[in-house]
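Biologist: Could you take a close look at one part of this model for me? I'd like to hear how the pieces there pack together.

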Amino acid sequence: MSVKVMRKLGVGLTCLSLTCLAGAALPQAATAPAGTDMLGFTSGGATQEHDLERRFDTELSAPEMREWLRRLSAGPNQVGSPHDKANAEFLLAQFKKWGWDARIETFDVLYPTPKQELVEMVAPTTFKAALHEPPIKGDSTSALGGALPPYNAYGADGDVTAPLVYVNYGMPDDYKVLARYGVSVKGKIVIVRYGQGWRGLKPQLAYEHGAVGCLIYSDPRDDGYFNGDAYPKGGWRPPEGVQRGSVMNMEWYPGDPTTPGYGSVPGAKHLAIKDAKTILKIPVLPISYADATPLLQALGGPVAPVSWRGALPLTYHIGAGPAQVHLLVKSDWSLKPLYDVIAVLKGSTEGSQWIVRGNHHDGWVFGAWDPLAGTIALMGEAKALGALHRQGWRPKRTIVYASWDGEEPALLGSTEWVETHAKDLQQKAVLYVNSDTNARGFLSIDGSHSLQHMANQVAAGVTDPETSVSVLQRERAFLEVRGAQPNAAPMAREIARLAATGGDVPLGPLGSGSDYSSFLDHLGIASLNVEFGGEDDEAGIYHSRYDSFDHYIRFGDPTFEYEVALAKVAGHIVLRTADAQVLPMRFTDFSATLDRYVKELHQELAEESKATQQQHKLLDANAYQLAADPTRPVAPPERLSDVPNIDLGPLDQAASRLRQSAAAYETAYEARASAGLAIPASQLREINTLMTTMERRLLDEAGLPGRAWYKNMMQAPGELTGYAPKTIPAVREALETRNWSRAEEYIGVTAKVLDGYRAQLDRLTSLLGTH
Ligand SMILES: [Zn+2]
């Protein structure tokens, strides 16, 4: 291993990039010879497919992608901006030029934009926040007009003045700590820092605890000078940089808040704003650390606990007050148009099976990183597929490429499109492949576990630009080193152990935060999210005006080779799925992953029980009080409820039955494969139709408790984490919130869903085994 590789691994291990923050487990496989072993293909078919992929690769061009990025990021790209619309029209023209049947689909969505915003301290001293990101030398777009000021979309209008309270990251545990200090946020304005969970939960939890307003700031500990030099010297967040972002309650449902469950097509009926559950009830604004510093400095009350302190040069206090803040937000609540670009290459023999590939094109401002670095890879793929098509290649299945609008505010473009076309998608969609931002570093593929082997095989066949090993081999090394760190999380250690076996590396589950959500969580369409990253400084300019072309070519990917690599990985996944004889799924991978998730539930429950007993013992012995400093009183924690005997047996048994069924399918498939996959056409069609809807069997029509839009019982965004995924979510979240009766109920519900999945798998196996 070269010195260069070691250094880069070091960067990756400590980075705060979004890839790392997502905590994703990533895929790769061992050796993947460009041989004839390709899931879903005969050996002759595999040879042809490899040849096709080589031709696809020669059509990809890094300089061309660089030029596209420069053009697409030359103006502000928020929903409704002229430049975002011009980009949609440019993309449409390109798709058409490349031979695709393309169109723009328009939706009218509720998207509030700021009209008036003010943050000022009125006591004990006065200070007015700038709420402005000034131009930066060497960043040519940072002086351009046409951008919206920093704001949080879907916060309420309001005009409030109240004492300030600091609540760390503003997540559920922070409020428990706050209670021990005897501080309440009722009637107050809270100030919290970005990080540790979905930003929309911060003002929502503040509201639920009685706060009347919320400020969210970026602490340099999390994405500023603590991590590296600030922009423009380095890539990290400068003092005036602000993270914009949505604060809609997307853990209930994403998309237009006034058209839940159906498409916002022009003329659709919209709910009144007051009836839209996902819109916040209090005003909220994001601020820079330059604006946050005087406010935090003016706080009194107890000194904040160690884990609450950031990297600003001040002593962090909790409050409340004496700082008094006046917060004013007013938005324009009109409907705005969305422009989704949809392009189709029709399938030759299996045209009613669709492979969908998407990336959004709207940004908070210019969006060079997020999302345009992903968009240019998608464009490269579309151009290359168009070239193959011109040369006479026809995909078996229909390929649909989508460039979504309005992802940033609320996954608007993808959600409204999916809700509008739900019926077709339920019948026809085989796979959705998503990407978003992308930069130098390590591959990460997350998503549906039955696609693990195919994803591993694809990753084994793509070369890493920096090291010349496969992107899979590099990822494997990264995971093994990460898991060997002394402070590695249990999941990271487990993934490292699996990576070290040399077999496939498991795909991580998907939470939310990008356009796969409505495909996977709402309709049960098998999905993958693909991204390179971990050696970049994206966190420092994330959702700010400095997410620009000039920042990207210095700190994202100067050579654009990782955009080419993304196009190869995503493009090969699309090609293989579009052309496979038998769809490339492997259910033993699904089953093994399920076993791991069930085992985690057992462990979580045992740990919870142990921790509860320990806490009770300490409380009974009055230990918290005796261990506290009487001059700085901190109350003992609230007594935890007893952990009853929860029976995970039904899940264990469903997982065990599924293990047998998956093994039986594997045996039947292997037998067919060694006989050259010679299956009569009508039978093959039936097999592929059943495989297309396998992931749908993971849905429960009643949905997750309290959020029926989310129907996938295997993976979902956490209700109290937002972005981060929860597996077997209904059960896991009930255990985590100590809702014991709900846990028992959903153990049964989930086991039943898994039995339905198994029943369809058994039908598939018997079809495959019939000669
Ligand atoms: Zn994005």
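Modeller: Sure, and keep in mind that this is a predicted model. Let's start with the core: the largest nonpolar one has 130 residues, and F95, W100, Y401, V569, I573 and F587 are the members that touch the most others. Take V569 from that group. Skipping its neighbours within four places in sequence, V569 is in contact with L443, I445, V458, V462, V471, V530 and F532. There's also a second, separate core of 89 residues, with F107, A323, A410 and L411 among them.

Now for the helix packing. Helix 19 covers residues 561–579, and its axis comes within 10 Å of the axis of helix 3 (residues 43–58), the two crossing at roughly 145°. That crossing is right-handed. On the helix 3 side, the contact uses E49, H50, L52, E53, F56 and D57, which meet A567, K568, G571, H572, L575, R576 and D579 of helix 19. Sorted by class, that contact has six charged residues, three polar and four nonpolar.

Helix 3 has another partner, helix 10 (residues 368–390): here the axes come within 9 Å and cross at roughly 120°. Because of that angle, helix 3 counts as oblique to helix 10. This crossing is right-handed too. From helix 3, L52, R55 and F56 meet E381, A384, L385 and L388 of helix 10. The class split for this contact is five nonpolar, two charged and no polar residues. Notice that L52 and F56 show up in the contact with helix 19 and again in the one with helix 10.

Technical notes. Residues are numbered from 1 along each chain as its sequence is written. This is a predicted model: local features need pLDDT of at least 70, side-chain atom pairs count only at pLDDT 80 or more; totals for chains, interfaces and linings use all residues. Side-chain values use heavy atoms; hydrogens and water are left out. Axes are lines fitted to C-alpha atoms, for helices over the stretch in contact, and angles run from 0 to 180 degrees between N-to-C directions. Helices (H or I, at least four residues) and strands (E, at least two) are DSSP runs, numbered from the N terminus. A crossing is left-handed if the near helix is turned anticlockwise from the far one by less than a right angle, and right-handed if clockwise. Contact means heavy atoms within 4.5 Å. Ala, Val, Leu, Ile, Met, Phe, Trp, Tyr, Cys and Pro count as nonpolar, Asp, Glu, Lys and Arg as charged, and the others, Gly among them, as polar. A nonpolar core is a set of buried Ala, Val, Leu, Ile, Met, Phe, Trp, Tyr and Cys residues joined through side-chain atoms within 4.5 Å. Buried means under 20% relative accessible area, exposed over 50%, partly exposed in between (1.4 Å probe, protein chains only). Angles under 35 degrees count as roughly parallel, over 145 as roughly antiparallel, 65 to 115 as roughly perpendicular and the rest as oblique.
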